Amino acid sequence: MQTNATPTSPSRRPAQRRATKTVTKSPRGFAAMDPEQQRRIASEGGKASHASGRGHRFTSEEARAAGRKGGMASRTRPSTATR
């Protein structure tokens, strides 16, 4: 009886999995800061944006129009897309 098994050379062995070891990542950067410090830094960014003229604040009229536009976009999907 002949088998189709071929000897595997050391370089062609499938990668062996390491023992399952749980590694917990410690938060870095923004995630490691307390919420108050995050809020302060984000606020500085917003103020800098507005000071440079690149920031935008929606008026209630613009916000209403944007909400209407978003609502219309969600209603125009083909009915077959969700099925």
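Is E44 buried, partly exposed or exposed? E44 is partly exposed, with a relative accessible area of 43%. The legends below return to E44 and its partner, and they all describe a predicted model.

**View 1. The whole protein has two helices and zero strands.** Welcome to the overview, a good place to get your bearings. Of the 83 residues here, 0% count as buried. The protein exposes about 8700 Å², and carbon and sulfur atoms supply 52% of that area. A search of the whole structure turns up three salt bridges, and each has its own view below.

**View 2. Helix α1 has 17 residues and is followed by G53.** This helix covers residues 35-51. From its first C-alpha to its last, α1 reaches 24 Å, close to the 24 Å expected at 1.5 Å a residue. After the helix, look for G53, whose phi is positive, near 90°.

**View 3. E36 and R39 form a salt bridge in helix α1.** Their closest N and O atoms are 2.9 Å apart. How far apart are E36 and R39 in the helix? They are three residues apart, so about one helical turn separates them. R39 counts as exposed, because its relative accessibility is 52% and the cut-off for exposed is over 50%.

**View 4. R40 and E44 also pair within helix α1.** Here is the residue from the opening question again. E44 forms a salt bridge with R40, and the closest N and O atoms lie 2.9 Å apart. Because the two are four residues apart in α1, they are separated by about one helical turn. Both partners are partly exposed: R40 has 43% relative accessibility, and E44 has a relative accessible area of 43%. As a helpful background point, side chains of opposite charge can pair when their charged atoms come close.

**View 5. In helix α2, the side chains of E61 and R64 meet in a salt bridge.** The tour now moves to the other helix, which covers residues 60-75. The distance from N to O in this pair is 3.2 Å. E61 and R64 are three residues apart in α2, so about one helical turn lies between them. R64 is partly exposed, with a relative accessible area of 47%.

Conventions: Residues are numbered from 1 along each chain as its sequence is written. This is a predicted model: local features need pLDDT of at least 70, side-chain atom pairs count only at pLDDT 80 or more; totals for chains, interfaces and linings use all residues. Side-chain values use heavy atoms; hydrogens and water are left out. Buried means under 20% relative accessible area, exposed over 50%, partly exposed in between (1.4 Å probe, protein chains only). Accessible areas come from the Shrake-Rupley method with a 1.4 Å probe; for residues, only the protein chains shown count as cover. A salt bridge is a side-chain nitrogen of Lys or Arg within 4 Å of a carboxyl oxygen of Asp or Glu. The expected span of a helix is 1.5 Å times one less than its number of residues.
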